[in-house]
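Subject: Structure handover and notes

Hello,

Here is the structure I said I would pass on. My notes on it follow below.

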Amino acid sequence: MSTIVVVTLGGILLIAALGFMGRRSPDRDLAEWTVGGHNFGTTTTWLLQAGEVFTTFTFLGTAGLVVSGGAASFYSMPYVPLGYIAMYFIGPKIWRLARARGHLTQADFLQDVYNSRFLGILVAVASVVFLLPYLQLQITGLGLIVELVTGNGSLGNWSMVIAFVLVVAFVLWSGLRGVATTAYFKDVLMILMLFVVCVSVPIHYTGGFTNVFHTVQEQMPQMLSVHGTGEYGIPWYVSNMAISAIGCAFITMPNDWPPVLSARSSTVLRRNYLFLPFYNTLIVMPLVVGYVALVVLGTGADPDSSLLTLASGVFPEWLMGVLAVAGIATAMVPSASLLIAIGTLVSRNLIRARTEKAQFATTQVTVVVATAAALGLAVAMPDLLANLLLLTFSGMDQLAPAIAAALLLRRRIAASSILAGALTGLALVIGYTFWWHLPWAISEGIIGLAANIAVVALCEAFRRVRTGQRAPVRSEEERELLRA
């Protein structure tokens, strides 16, 4: 067995062991399992929220997107800081209302605010449908990492199975606390290895950072700017940055809710949002490596494997193993958060188990089923990592109008108007993703969101004209909870 294989398998076992160590007690309280009993401090919630940004996409997909689209890949830099500016005001509002009313999921929140059980079901169904591709992204990325560093395709498939069996095991055992303990390890190792790669790869292949961009400027200057209306042109850049920023700002991703609700106070969240944007500047490192790949491997290189291909020509076997473990951690840890979100949504908002014990059992069964489904998709239908991420954002962003109206408007919007808009937006995203063709290279999420907002506005105006009544004002208690 080679050194790379030994280090890689050892890293998978270490991550799982840290996940098992997160459990504090054998109780079966779903709030403890899902959101850590609402008792996490600044450091832990900071790492949990940062970890939702730095996933397999950051490790592989960002560099790969440079190879595919050049400067268009920089859409991934500004959207998170823009989103966190809004979250500074929105996050605490969500925390206060959710904590006061016992919400554990995004669907709990929207069902309660709009007093619509059907809306809760729709949100839960949409969340599960669109989170599965995101989970598939993590699994596919993990298998690709192992395959590339070992040169063994079958080992890549086996590693996906082994790693995600262990993820399921520590998630069932430890819940969000297990995710928190692994997040410390993941972020430290990932940042360290990104620095090592970003320094050593440009120096080894091109003599330094400056030479990389000089070479690109001479040989392929079109890759240093975003232009035109082609596949990665200005409409693609602007629309995908916008849809990603909107998703971040209004916390439309259901897996982002447990880290937010796990905070012990709204002050903890506000403190985090001041510093989390600085963390996202680290994404520039894989972007630089992507330009090295353009110079060394050319535009015809496999995008998702470019970072590891370059590293393999620089690092000794043991260090390639450590790099692989860092990449594996960016798959396993976010996947654990995704499974917690999916499991809780199914047990509380779809199946609606009545007792705490039944909810917990349903959640755990769902975790196993969701992992099996995502593993099947990863093996049968692998796709470009960046496109899987954008599909998830496009789908989940159709909840942005509902969340924005719930938090920012003084008067209530009817659940029927919100439902009509969300269904319209989701239908357009699904249609443009699988069947129809857009006239420009633009995010299907933006098209869906524009139609979504228009339908909400029209339905609400029609309802008010038909009934002759204005929407009711929120209660004093709710206004107080939502006050910034």
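Is Asp187 buried or exposed? Asp187 is buried, with a relative accessible area of 2%. Before going further, please keep in mind that this is a predicted model.

Salt bridges

Asp187 has a charged partner: its side chain meets that of Lys186 in a salt bridge, with 3.5 Å from N to O. Lys186 counts as buried, at 1% relative accessibility. As background, side chains of opposite charge can pair when their charged atoms come close.

The count for the structure comes to six salt bridges. One of them joins Asp112 to Arg101, and the closest N and O atoms there are 3.1 Å apart. Asp112 belongs to helix H6 (residues 106-114) and Arg101 to helix H5, so this pair ties together parts that are eleven residues apart in sequence. Asp112 is partly exposed at 30% relative accessibility, and Arg101 is partly exposed at 29%.

Helix H6 also holds Asp108, whose partner Arg348 is in helix H16. Their side chains form a salt bridge of 2.7 Å, N to O. This pair links distant parts of the chain, 240 residues apart. Asp108 is buried, with a relative accessible area of 9%.

Glu460, Arg463 and Arg464 are linked to one another in a network of salt bridges.

The nonpolar core

Which residues touch the most other members of the largest nonpolar core? They are Phe109, Tyr114, Leu142 and Leu323, in a core of 159 residues. Helix H16 (residues 317-350) gives the most to this core, contributing 19 residues.

Leu142 is worth a look on screen. Not counting residues up to four places away in sequence, Leu142 touches Thr56, Ser159, Met160, Ala163, Phe164, Ile328, Ala331 and Met332.

Helix H7 and a surface patch

Ser127 is placed in helix H7 (residues 117-150). Its relative accessible area is 0%, so Ser127 is buried. With neighbours within four places in sequence left aside, Ser127 is in contact with Gln106, Pro254, Leu345 and Met396.

At the surface, Val125, Val129, Leu350 and Ile351 make a nonpolar patch of about 310 Å². Ile351 sits in the loop between H16 and helix H17 (356-380). Why does Ile351 count as exposed? Its relative accessibility is 53%, and the exposed class begins over 50%.

Aromatic pairs

A search of the whole structure finds nine aromatic pairs. In one of them, the rings of Tyr75 and Tyr79 have centres 6.2 Å apart and planes at 15°, so the pair is stacked. Tyr75 is buried, with a relative accessible area of 1%, and Tyr79 is buried as well, with 9%.

Tyr75 also pairs with Trp236: the ring centres are 5.4 Å apart and the planes are at 85°, so this pair is edge-to-face. Tyr75 lies in the loop between helix H4 (56-69) and helix H5 (79-101), while Trp236 lies in helix H11 (residues 234-249), so the pair ties together parts that are 161 residues apart in sequence. Both Tyr75 and Trp236 are buried.

Elsewhere, Phe74, Phe213 and Tyr291 form one aromatic cluster.

Tyr273 and its surroundings

Where does Tyr273 lie? Tyr273 is in helix H13 (residues 266-280). Tyr273 is buried, with a relative accessible area of 3%.

Tyr273 and Tyr84 are 189 residues apart along the chain, and their C-alpha atoms are separated by 5.8 Å. Tyr84 is also among the residues in contact with Tyr273 once neighbours within four places in sequence are left aside. The others are Gln49, Met87, Tyr88, Gly91, Pro92 and Val260.

For a first pass through the model, I would suggest the order used above: the charged pairs, the core, the patch, the aromatic rings and then Tyr273 with its contacts.

Regards

How values were computed. Residues are numbered from 1 along each chain as its sequence is written. This is a predicted model: local features need pLDDT of at least 70, side-chain atom pairs count only at pLDDT 80 or more; totals for chains, interfaces and linings use all residues. Side-chain values use heavy atoms; hydrogens and water are left out. A nonpolar core is a set of buried Ala, Val, Leu, Ile, Met, Phe, Trp, Tyr and Cys residues joined through side-chain atoms within 4.5 Å. Buried means under 20% relative accessible area, exposed over 50%, partly exposed in between (1.4 Å probe, protein chains only). Helices (H or I, at least four residues) and strands (E, at least two) are DSSP runs, numbered from the N terminus. Contact means heavy atoms within 4.5 Å. Patches are made of residues with over 30% relative accessible area and no salt bridge: like charges are joined within 9 Å, nonpolar side chains (Val, Leu, Ile, Met, Phe, Trp, Tyr) within 5 Å. Accessible areas come from the Shrake-Rupley method with a 1.4 Å probe; for residues, only the protein chains shown count as cover. A salt bridge is a side-chain nitrogen of Lys or Arg within 4 Å of a carboxyl oxygen of Asp or Glu. Rings of Phe, Tyr and Trp (its six-membered ring) pair if their centres lie within 6.5 Å; planes under 30 degrees apart count as stacked, over 60 as edge-to-face and the rest as tilted.
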